[in-house]
Amino acid sequence: MLFRPACLAALLLGGLWLCPQALRAALPNTLNYQGRMLLTSGAAVADSNSNNVAFALYTASTGGTAIWTESQSGVTTAAGLFNVQLGTVTSLGGLAWDQPYWLGINFNGNGEMTPRTSLTM
């Protein structure tokens, strides 16, 4: 017996609708983030492979207490650009991504930059 594509699609979608927990479990525990660090003059920070960057997630764009934090050392910058995997030190798995979060970044201990970056799924 052959299934028609429409029937197969209906079965697959129906199965996904009945199993929302399976979909939630598939969310990754890490998040790729790329940014560019600039000096107050607007010039890119010097190329380096020894930057220390602290990240924090908040439920508000300003104020509040961080609900997740992670520090990464040895972050490389090239022409000010950097790329990190958030959640490699402290898992993001416990967060519910059905609400907005704001990312705070502290680059080399110079204090958290403003404004925070809005993250949404």
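A: Let's start with a term: a polar contact is a pair of N or O atoms within 3.5 Å, and within protein one must be able to donate a hydrogen and the other to accept it. Keep in mind that this is a predicted model.

Q: Okay, so which backbone nitrogen does the side chain of Glu70 reach at 3.4 Å?

A: That of Thr88. The Glu70 side chain also gets to the backbone nitrogen of Thr90, at 2.7 Å. Glu70 itself sits in strand β3 (residues 68-77).

Q: Is Glu70 buried or exposed?

A: Glu70 is buried, yet has no salt bridge. Arg116 is the nearest side chain of opposite charge, and it's 16 Å away. Leaving aside neighbours within four places in sequence, Glu70 is in contact with residues including Val53, Phe55, Gln85 and Leu86.

Q: What does Arg116 lie over?

A: The face of Tyr58, at 3.3 Å from the ring centre.

Q: On to rings. How is a pair of aromatic rings described?

A: You give the distance of the centres and the angle of the planes. For pairing, the centres have to lie within 6.5 Å.

Q: How many aromatic pairs does that rule give?

A: Two. In one, the ring centres of Tyr33 and Phe82 are 6.1 Å apart and the planes are at 45 degrees, so this pair is tilted. It links distant parts of the chain, 49 residues apart: Tyr33 belongs to strand β1 (residues 31-36) and Phe82 to strand β4 (residues 81-86). Tyr33 and Phe82 are both buried.

Q: And why is the pair of Trp97 and Tyr101 edge-to-face?

A: Because its planes are at 80 degrees, with the centres 5.0 Å apart. Trp97 and Tyr101 are both buried.

Key
Residues numbered from 1 in each chain as written. Predicted model: local features only at pLDDT ≥ 70, side-chain atom pairs only at ≥ 80, totals over all residues. Heavy atoms only, no water. Phe/Tyr/Trp six-rings, centres within 6.5 Å; stacked < 30°, edge-to-face > 60°. Helix = DSSP H or I, 4+ residues; strand = E, 2+ residues; numbered from the N terminus. Buried < 20%, exposed > 50% of the residue type's maximum accessible area, 1.4 Å probe, protein only. Lys NZ or Arg CZ within 6 Å of the ring centre and 35° of its normal. Lys, Arg positive; Asp, Glu negative; His and termini not counted. Salt bridge = Lys/Arg side-chain N within 4 Å of Asp/Glu carboxyl O. Contact = heavy atoms within 4.5 Å.
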